[in-house]
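Work through the following exercises with the coordinates open, and attempt each task before reading its solution.

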Amino acid sequence: IAKEFSSIEIVGETELKISFNRPLPNVFDLFEETSIVDKDTYANREDGSEVIGTGPYKFTSWTPGAEIVLERYEGYRDADAAKIDTIRHAIIKGPPAIVAALRSGRAQIAFNLVARIAQTLKADPGYDIHSGGGAIFPLGLNTTVPPFDNKEVRQAIGFAIDRERINAQVFAGTGTPTALFWNPSEAGYSEELANRYAYDPEKAKSMIEAAGAAGSKITLIIPAIPPNRATAEIVQNNLKAVGLEAEVTVLDVPTYDKRQVAGDLDQAFILIHGLVGYSSSTLLSAAPSLREGNPSKFWTEEYQSLREQLDAASEAERPAALTALSEYMIDEAFSLAVVQGATQTVISKKVKGAVLSARGHLLLGGASLAK
């Protein structure tokens, strides 16, 4: 996004003007992810000797592998923003140890818990479970090799996947089963398109047989990440039920990432994109499943044109532009989301005023601890 800035003009102490090379409807995604730091000491952040930002808490110490300590910054511009004297960010490995830290009172907030673990605390009246950010889990198909060079087979796969079961078993019912990548709250998100491929194994089997693809052997590649493994087991059974033989290959994450970026993941693959909460324009440029060079090897003039129309659309035009792009992507079925899994953050009710941003960032300005 920032590469599309043509100039930045400082207008005054509290105002600047940014000019773009092209329309940038997702510029606020950049702002949410941009840390404001001291340029003169930035090089010293690596060893922790100087970590200087602009927030109401100051960096005090870092013990690698153990904890990061922040303290209230008395010189902050808003004296009421920091109500907590000290924040200790403990680095605790493993869900059981994290839950134990919460229950013992050692920790009041726990980040990025898998849904199954977070839900064990749901019935506890001392905690709230917040969802923010998360990951999209798409099933991608290589459109240049059989049987997925046939659009009807790709569409059949859409009907073969039991998204509701995946959400229930893998994400403890906390995710959003959908064939779309977009945030359901974004204008132009279509529930009809999101559910176009409702689970219908009989229809999927009939379409695969009509396309002459019954009995095809499929290689399904996944990264060695627990939700992908669990999702792949269900997908493998779903494909078997409609007449396809899927063999799952698990790659270590660095190898998988390298092949994903190179667009080389064989016939079929289940990816993971930690991009929930971003706008559709950011997803189109950032998600490996959707950008040019994607592992599905799908890139047409119509797809490119619809993407460009979305970026160039005015605020009033965006919903229709997003719906048009979604309709095309759903029809081509080169990469279909399976579930949008929400990141789970557990917060003790002793913490008042802590909130999560759409991207799952914890905001503690104004937060306090009950006595």
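**Exercise 1. Identify the residues that form a nonpolar patch on the surface, and place Ile-10 within it.**

Solution. Begin with the patch criterion: patches consist of residues with over 30% relative accessible area and no salt bridge, where like charges are joined within 9 Å and nonpolar side chains (Val, Leu, Ile, Met, Phe, Trp, Tyr) within 5 Å. The nonpolar surface patch here is made of Ile-8, Ile-10 and Leu-16, which together have about 350 Å² of accessible area, a quantity obtained with the Shrake-Rupley method and a 1.4 Å probe, with only the protein chains shown counting as cover for residues. Next, locate Ile-10, which belongs to strand 1 (residues 5-12); helices (H or I, at least four residues) and strands (E, at least two) are DSSP runs numbered from the N terminus. Finally, classify Ile-10: its relative accessible area is 71%, so the residue is exposed, given that buried means under 20%, exposed over 50% and partly exposed in between (1.4 Å probe, protein chains only).

Before going on, note that this is a predicted model, in which local features need pLDDT of at least 70 and side-chain atom pairs count only at pLDDT 80 or more, while totals for chains, interfaces and linings use all residues. Residues are numbered from 1 along each chain as its sequence is written, and side-chain values use heavy atoms, with hydrogens and water left out.

**Exercise 2. Determine whether Ser-216 is buried or exposed, and describe its surroundings.**

Solution. First find Ser-216 in the loop between helix 7 (201-210) and strand 9 (217-223). Its relative accessible area is 17%, and therefore Ser-216 is buried. Then look for a polar partner: a polar atom of the Ser-216 side chain lies 2.6 Å from the backbone oxygen of Ala-213. Lastly, list the contacts (heavy atoms within 4.5 Å): when residues up to four places away in sequence are not counted, Ser-216 touches Pro-147, Gly-243, Leu-244 and Glu-245.

**Exercise 3. Examine the salt bridges of Lys-151 and Arg-318, and classify the accessibility of Lys-151 and Arg-318.**

Solution. A salt bridge requires a side-chain nitrogen of Lys or Arg within 4 Å of a carboxyl oxygen of Asp or Glu, and a search of the whole structure finds 15 of them. In one of these, the side chains of Lys-151 and Asp-331 meet at 2.8 Å, N to O. This pair links distant parts of the chain, since Lys-151 is in helix 4 (residues 151-160) and Asp-331 in helix 12 (residues 318-332), 180 residues apart. Lys-151 is partly exposed at 26%, and Asp-331 is likewise partly exposed at 29%.

The side chain of Arg-318 meets that of Glu-186 at 3.4 Å, N to O. Here too distant parts of the chain are linked: Arg-318 is in helix 12, and Glu-186 is in the loop between strand 8 (176-177) and helix 6 (191-194), 132 residues apart. With relative accessibility of 13%, Arg-318 counts as buried, and Glu-186 is buried at 17%.

**Exercise 4. Find which residues touch the most other members of the largest nonpolar core.**

Solution. A nonpolar core is a set of buried Ala, Val, Leu, Ile, Met, Phe, Trp, Tyr and Cys residues joined through side-chain atoms within 4.5 Å. In the largest one, which has 63 residues, Ile-166, Trp-182, Leu-290 and Tyr-303 touch the most other members. Helix 12 gives the most to this core, with six residues. Leaving aside neighbours within four places in sequence, Trp-182 is in contact with residues including Leu-290, Leu-322, Leu-325 and Met-329.

Methods: A polar contact is a pair of N or O atoms within 3.5 Å; within protein, one must be able to donate a hydrogen and the other to accept it, and residues adjacent in sequence count only if both atoms are side-chain atoms.
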